[in-house]
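Reader: I am in my first year and find it hard to read a fold all at once. Please choose one part of this model and go through it slowly, strand by strand where that helps.

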Amino acid sequence: MTREVLLTLQGLQFDQREEDADKIETVTVGDYYKKNGKHYVIYEEITEGFSQPTKNRLKFSEDMLELSRNGLVNMHMVFQENKKNLTNYNTPFGQILIGIDTKKIQIKEQKDNIVVDVDYSLDVNYEFLSDCHIKISICSKENSSFSLN
């Protein structure tokens, strides 16, 4: 895998009925490296209506995914298979307590591509909000057929 990567994040939240699922997709460039058996991806996001970027760091191994965000939004989310983790989600509008109950983490690694699938349920202030799915695709920028230019 090269250092420069194209990162695709797909999120899906299910309401009580699957046909009411909300899908979000983000495509951006980032920097990838592997250290001590763990994968890292660093990337920035700009939130609509704000000029300050949010710096993001993904860190993952076979049974754990961490997402750290610093800037406009600050949080550290930990996804561990068969474990529930709590975190404070600090936004420009206030703080929210988030509960993440991870059901499954699956990582498929190839030479120039890594796909991470995570199934979890989401609580807000100890109240169940929804079942969710995140799919993270990381591919070498030079081997990608997609272009941000």
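Author: What follows is a close look at the second half of the sheet, with a short word on its other half.

The model is predicted, so local features are described where pLDDT is at least 70 and side-chain atom pairs where it is 80 or more, while totals for chains, interfaces and linings use all residues. Residues are numbered from 1 along each chain as its sequence is written, and side-chain values use heavy atoms, with hydrogens and water left out.

The setting is an open sheet of 10 strands, paired antiparallel in the order 6-5-4-3-2-1-10-9-8-7. Strands here are DSSP runs of E with at least two residues, numbered from the N terminus, and two of them pair if DSSP finds at least two bridges between them. Strand 6 (75-80) and strand 7 (83-91) form the edges, and each has a single partner strand, so one side of each has no neighbour in the sheet.

Begin at the edge with strand 7, which pairs with strand 8 (residues 94-110) in the antiparallel sense over 9 bridges. Strand 7 and strand 8 make a hairpin, with 2 residues between them, and Thr 91 has Gly 94 in strand 8 as its bridge partner.

Strand 8 also holds Ile 100, which has a relative accessibility of 0% and therefore counts as buried; the cut-offs for that word are under 20% relative accessible area for buried, over 50% for exposed, and partly exposed in between, with a 1.4 Å probe and protein chains only. To place Ile 100 against the start of the chain, compare it with Glu 4: the two are 96 residues apart in sequence, and their C-alpha atoms are 30 Å apart in space.

From strand 8 the path leads on to strand 9 (residues 113-124), the strand in which Asp 123 is found. Strand 8 and strand 9 pair antiparallel over 12 bridges, and they too form a hairpin with 2 residues between them. In this pairing Gln 110 stands opposite Asn 113 of strand 9.

Strand 9 is mostly covered, since 9 of its 12 residues are buried. Asp 123 is buried, because its relative accessible area is 10%. Its side chain makes a polar contact with the side chain of Lys 84, at 2.3 Å; within protein, such a contact is a pair of N or O atoms within 3.5 Å, one able to donate a hydrogen and the other to accept it, and residues adjacent in sequence count only if both atoms are side-chain atoms.

On its other side, strand 9 is joined by 12 bridges to strand 10 (residues 127-140), and these two strands run antiparallel. Val 124 stands opposite Glu 127 in strand 10. The hairpin of strand 9 and strand 10 has 2 residues between the strands, and Asn 125 in it takes a positive phi near 50°.

For the other half of the sheet, one pairing may serve as an example: strand 2 (residues 22-35) and strand 3 (residues 38-46) are joined in the antiparallel sense over 5 bridges, with Lys 35 opposite Lys 38 of strand 3.

How values were computed:
Helices (H or I, at least four residues) and strands (E, at least two) are DSSP runs, numbered from the N terminus.
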